[in-house]
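Thanks for sharing this one with me. Here are my notes, set out as numbered points so that you can follow along with the structure open beside you.

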Amino acid sequence: MTSRAELTAARGQLSGDIGYVATMGALHAGHRALLDRARAGNRQVVVSIFVNPTQFGPTEDLSRYPRPIEADLAVCEQAGADLVWTPGVQDVYAAGDPRVTVAPGPLGNELEGAARPGHFAGVLTVVAKFFNLIRPTRTYFGEKDYQQLALVRRMSLDLDLGADVIGVPTVREVDGLALSSRNVYLDAVERQRAVGISRALFAGAADRPQAVGTARAVLDEFGIVPDYLELRGADLGPVIDGEPARLLVAARVGSPRLLDNVEVAP
Ligand code: AMP
């Protein structure tokens with residue numbers, strides 16, 4: 001279903017705990033892990049498929065972002081989704097371009113936010129709208145987009161949106177590459193090189209005192225120059241001795257910008 005009226009009517013029929021998964025489609029096993037968690041933990045499962053223009057920069061891949069809607073609907077059905085909302089831009093932004101938006105706070109300008117100005121304001125605004133329309137009990141976000149997960153979690157707390165935000169571990173290819181809808185942009189040679197990203201993170205995670213230097217050396221071997229490679233605390237604040245940390249990277253391999261991160265144990 002696509003219209004707001006259909007969503008509102010269908011949402012009114014749902015009762016009990018609602019698990020919600022927000023996606024931009026081109027669904028893969030990473031999305032499926034979120035759907036499975038939602039299915040296991042809730043009476044009903046709601047999925048949205050929406051490529052949100054307001055989170056893309058002017059030079060980004062909005063127009064060529066993959067949109068295999070039939071295959072996506074089949075994945076949702078197989079995963080036991082009760083309601084799949086596939087709105088158009090006019091359905092989501094019924095009042096036109098939003099003038100009032102969610103301010104992500106300082107973290108919104110760091111890491112991904114530094115490379116993509118306005119990205120997280122776009123993400124949080126659309127997620128807040130979807131939370132208000134869908135009113136989920138629990139919502140599932142991938143650790144793959146770790147900063148997004150941290151910001152959505154914080155938004156739900158700070159704005160009392162009432163959704164319990166649950167992080168789901170990153171699903172990877174056998175060689176370690178994190179699954180991403182953008183991996184389809186990699187040609188065969190780039191696909192081989194892209195494995196350097198997860199290799200670098202795993203090497204860094206095994207060497208906490210020199211995590212960044214060790215990871216950087218592996219990226220060098222693969223000829224990958226990161227946009228950023230940082231060790232942060234689990235909440236993306238400063239690293240705290242004796243507590244888990246997070247090693248995060250973004251790098252272009254060919255045309256796509258790939259993101260990944262891993263936990264670094266104390
Ligand atoms: P997207 O469709 O890229 O906006 O992603 C929708 C949701 O799926 C987000 O919460 C992502 O973090 C999550 N996700 C994407 N890739 C993966 C992955 N490889 N493993 C786990 N979750 C993922």
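**Notes on the strands, the helix, the cavity and two loop residues**

1. Let me begin with Ser-48, which sits in strand β2. Please keep in mind that everything here refers to a predicted model. Ser-48 has a relative accessible area of 1%, so it counts as buried, the cut-off being under 20%. Setting aside neighbours within four places in sequence, Ser-48 is in contact with Tyr-20, Val-21, Ala-22, Thr-23, Trp-85 and Phe-130.

2. One of those contacts, Tyr-20, deserves its own point. Tyr-20 belongs to strand β1, and it is buried because its relative accessibility is 0%. Apart from residues up to four places away in sequence, Tyr-20 touches Val-46, Val-47 and Ser-48, then Phe-130, Phe-131, Ile-134 and Pro-136, and also Arg-138, Thr-139 and Tyr-140. If you want a distance to check on screen, the C-alpha atoms of Tyr-20 and Pro-66 are 22 Å apart, with these positions 46 residues apart along the chain.

3. Next, helix α2, which covers residues 29-41. Its 13 residues span 18 Å from the first C-alpha to the last, close to the 18 Å expected at 1.5 Å a residue. Which residues of α2 are buried? They are Gly-30, His-31, Ala-33, Leu-34, Leu-35 and Ala-38. When you look at their spacing, it helps to recall that an α-helix has 3.6 residues a turn, so residues three or four places apart point the same way. The buried residues of α2 pack against strands β1 (18-23), β2 (44-49), β4 (138-142) and β5 (164-168), and against helix α3 (69-78).

4. Now to strands β6, β7 and β8. Strand β6 (residues 226-233) runs antiparallel to β7, and seven bridges join the two. Within this pairing, Pro-226 has Ala-251 of β7 as its bridge partner. On β7 and β8, the pairing is again described as antiparallel, with eight bridges. Two positions let you check the register: Ala-245 stands opposite Val-264 in β8, and Val-249 stands opposite Asp-260 in β8.

5. How many residues lie between β7 and β8 in their hairpin? There are four, and Gly-254 in the turn has a positive phi of about 65°. Both strands are well covered. In β7 (residues 245-252), seven of the eight residues are buried. Seven of the eight residues of β8 are buried too, so this strand is largely enclosed by the rest of the structure. As you inspect them, remember that in a regular strand the side chains alternate between the two faces of the sheet.

6. Strand β8 also takes part in the lining of a cavity. A search of the whole structure finds one cavity of 30 Å³ or more, and the largest cavity holds about 40 Å³ of space. Its lining consists of Lys-144, Leu-177, Ala-178, Ser-180, Asn-183, Ile-197, Leu-258, Leu-259 and Asp-260. Strand β8 (residues 257-264) gives the largest share, three residues. By class, five of the lining residues are nonpolar, two are polar and two are charged. Asp-260, one of the lining residues, is also the residue of β8 that stands opposite Val-249.

7. The second largest pocket may also be worth a look. Its volume is about 340 Å³. Of the 20 residues that line this pocket, Ala-150, Leu-151, Arg-153, Arg-154 and Met-155 lie nearest its centre. Which element provides the largest share of this lining? Helix α7 (residues 146-158) does, with eight residues. The lining has 13 nonpolar, one polar and six charged residues.

8. Finally, please check two leucines for their backbone angles. Leu-111 has a positive phi of about 50° although it is not a glycine, and it is found in the loop between α4 (89-92) and α5 (112-115). Leu-111 counts as buried because its relative accessible area is 5%. Leu-236, also not a glycine, has a positive phi of about 70°. It lies in the loop between β6 and β7, and with a relative accessibility of 3% Leu-236 is buried as well.

Conventions
Residues are numbered from 1 along each chain as its sequence is written. This is a predicted model: local features need pLDDT of at least 70, side-chain atom pairs count only at pLDDT 80 or more; totals for chains, interfaces and linings use all residues. Side-chain values use heavy atoms; hydrogens and water are left out. On a 1 Å grid over the protein atoms alone, a cavity is a set of points where a 1.4 Å probe fits but cannot get out, and a pocket is an open set with protein on both sides within 12 Å along at least five of seven lines; lining residues have an atom within 4 Å of a point. Grid points are joined across faces, edges and corners, and a volume is the space filled by probe spheres set on the points. Ala, Val, Leu, Ile, Met, Phe, Trp, Tyr, Cys and Pro count as nonpolar, Asp, Glu, Lys and Arg as charged, and the others, Gly among them, as polar. Buried means under 20% relative accessible area, exposed over 50%, partly exposed in between (1.4 Å probe, protein chains only). Two strands pair if DSSP finds at least two bridges between them. The expected span of a helix is 1.5 Å times one less than its number of residues. Contact means heavy atoms within 4.5 Å.
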